[in-house]
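Trainee: Please take one part of this model and go through it closely. I would like a connected account rather than a list.

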Amino acid sequence: MKPPNPQEADFFRLRAEWLRFKNHVFDANTGLPTLAAVLDDVRRLMEERGALALVYFDLGADGHMEPVHGWQAYDELLKGFARTLLGLREEGQLGARDIIAVMSVRSDKFLVFVRGGDGSSFDAAAIEVRARRLRERIVESLPAHLPPGVEPPVAFDMGHALTYRDPMLRAERSIHRALDEAMFMGLRQRTREEDLRAHGLDEIIASRQVVTLHQAILDLRTSDVVGQEVFTHGPAGTPFEEGERLFAMAERTGRLVELERLSRQRALGSARRHLQPGAKLFLNTSARALRDTDVAGAGFVRMVDLSGLRHDEVVLEITERLTKEERGPYQTILHDLKRQGFGIAIDDVGAGYASLQTLVEMEPDYLKFDIALVRGIDRSSIKRSLLETVVDLSGRIGAKVVAEGIEAEPELTTLRDMGVPLGQGRFLAAPVEVALDAPVAP
C-alpha cells in the first residue's frame, strides 16, 4: 500500500477545517453570511461612518408557518426572503456596502446594516423612515419568491436601532446592544399586534363571522368525490383570513375550544345541502377540544343528529401530534365515538410525532399522509419509502390512506402508482366556500 503523501494529508486536513469553519459562518440555505462572519465588516463600516442603522426581521414570529407547511417549505420561504432582501440592493433600496446577514446558521432572523448617505448621519426619525420603506418594499416583493402552498401575506416581526462608534465601548458589544434593542422593539410590536388580534378574534367569535369551506376528497382511481373536509377561516381582509392563523391565535389566547364549538356548529349547519350522497364529512378536531362535549361528546352527537347526518357519514380528524401522556384519555374518547358509528382519521401521519404503535392503538379508519411529505414526493425516494410504510400499515389495520396537499400532476401520478386510494389538494379541487343553511345548536 502506498504511504500517504504528507502534502495531500495537509491539504485534506485544511480543507476539512475550512468546511467546518464555513458551516458556522455561512448559511447554505439562504446563501447569506451569519452575524459572526460579518461582525468585523460591520465594525469597520461603523468606524468609517460613525453610526449605522440596524434593521431586524424575524420570520418565526407567529410560530405556525413551519409546523403547518413543513421544514422544506419553510426553508424555501427563508430563501425567498433572502432573495427579496438582495433584490432591494439591486433596485437601489439598499446600498452596495450595506450588509445583509442571518443571525446564525439555519436561522429565520435576518439583519440589515444600513449606512447613511454621504454627508449625512442617522437619527431616530431617519431610521424609522428607512425601516418603514424597507418593510413596504418587502411586502410588495416577497410574494414573487414564495414557495408553492404558502400564500401572502407572510407575517414577520421587525425592529430597528442605531449602532454608533463610541470610544468607551467595544464595537462588537455596541453592535450586540443595538441588536438587543431592535429585537425588543420587534417583541413590543408583536405584543401590541397580539392584543389587537385577540380583540378581533373575540369579535369574530361573538358575531359568529367565521367562513366555512369544503375541500373534496377524491378516489384517485375513479376521481369520484368520497368526502368533504371542512375548513374554517376568518372574514376576508382580516389577519385571520387564513384558517391556520385563526386557530393558532385561538390556541395561544385560550379561545380554542370556544372557536371549535362555533366551527362545529357552522360545519354541521351547512353539511346536509352540500354533502354529496355517499360522501363523508371530515371535521378537524384538536386534541385539547376532544374533551369538550360540544366538540366530541354528547353535545356533538346531538348536533349531528339534528343536522340530519348519519353517524357513519361523519369522520373526526385528529392530529397525530399527541404526547404520550395525552394518548390514553383521548383513545377512550375516540373508541367511544367509534362505537357510536363515527369514523376516525389521523391527520399529519408521517410528520414524526407518533409511533406506528400509537396509530394502531387509536384504531383509525383513515390515515392522512402529511402535506409536507406529499409535496415533491415524485422527486424524493425517502418520502416514497415512508409512504410505502404507511400504505402497508393501512392494509394491516383496515384503514385507508388519504394523501393531503396534492399540488401537481407528477405527485398525483406517483401516488396512484403507489396504490394510494384517496387524495385531496388544489390540483384536484380547491376549497370552496359554502353557505350556511341554519346553525345547529348544541
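Mentor: What follows is a close look at the open sheet and the helices on it, and then at helix H14 and the nonpolar cores. The model is a predicted one.

The sheet is open and has four strands, arranged S4-S5-S3-S6 with antiparallel pairing. Its edges are strand S4 (99-102) and strand S6 (157-164), each of which pairs on one side only. From one strand to the next, the twist averages 20°. Strand S3 (residues 51-58) and S6 run antiparallel and are joined by eight bridges. Within this pairing, alanine 51 has tyrosine 164 of S6 as its bridge partner.

Two helices can be placed against these strands. Helix H5 (residues 124-141) lies across S3, strand S5 (109-115) and S6, and runs at about 145° to S6. H6 also packs on the sheet, where it touches S3, S5 and S6, and its direction makes about 150° with that of S6. Helix H6 spans residues 171-207, which is 37 residues. From its first C-alpha to its last it reaches 54 Å, close to the 54 Å expected at 1.5 Å a residue. Just after H6 comes arginine 208, with a positive phi of about 55°.

Helix H14 (residues 381-397) can be checked by length too: its 17 residues should span 24 Å at 1.5 Å a residue, and the end C-alpha atoms are 25 Å apart, which agrees. Its buried residues are Lys383, Leu387, Val390, Leu393 and Ser394. Viewed down the axis of H14, these fall within an arc of 120°, so they line one face of the helix. The face turned away from the buried side carries the exposed residues Gly395 and Arg396. Glycine 398 follows H14 and has a positive phi, near 75°.

Leu387 of H14 leads on to leucine 415, since it is among the contacts of that residue. Beyond its neighbours within four places in sequence, leucine 415 also contacts Leu220, Val374, Ile377, Ala403, Ile406 and Val420. The largest nonpolar core has 45 residues, and Leu415, Leu283 and Phe300 touch the most other members. H10 provides the largest share of this core, four residues. Another core, of 29 residues, lies apart from it and includes Ala53, Val55, Met65 and Ala82.

Helix H10 (residues 298-307) also holds leucine 306. With 59% relative accessibility, leucine 306 counts as exposed. Its C-alpha is 9.1 Å from that of glycine 269, although the two are 37 residues apart in sequence.

Notes. Residues are numbered from 1 along each chain as its sequence is written. This is a predicted model: local features need pLDDT of at least 70, side-chain atom pairs count only at pLDDT 80 or more; totals for chains, interfaces and linings use all residues. Side-chain values use heavy atoms; hydrogens and water are left out. Buried means under 20% relative accessible area, exposed over 50%, partly exposed in between (1.4 Å probe, protein chains only). A nonpolar core is a set of buried Ala, Val, Leu, Ile, Met, Phe, Trp, Tyr and Cys residues joined through side-chain atoms within 4.5 Å. Contact means heavy atoms within 4.5 Å. The expected span of a helix is 1.5 Å times one less than its number of residues. The arc is that of the directions from the helix axis to the C-beta atoms. Two strands pair if DSSP finds at least two bridges between them. Axes are lines fitted to C-alpha atoms, for helices over the stretch in contact, and angles run from 0 to 180 degrees between N-to-C directions.
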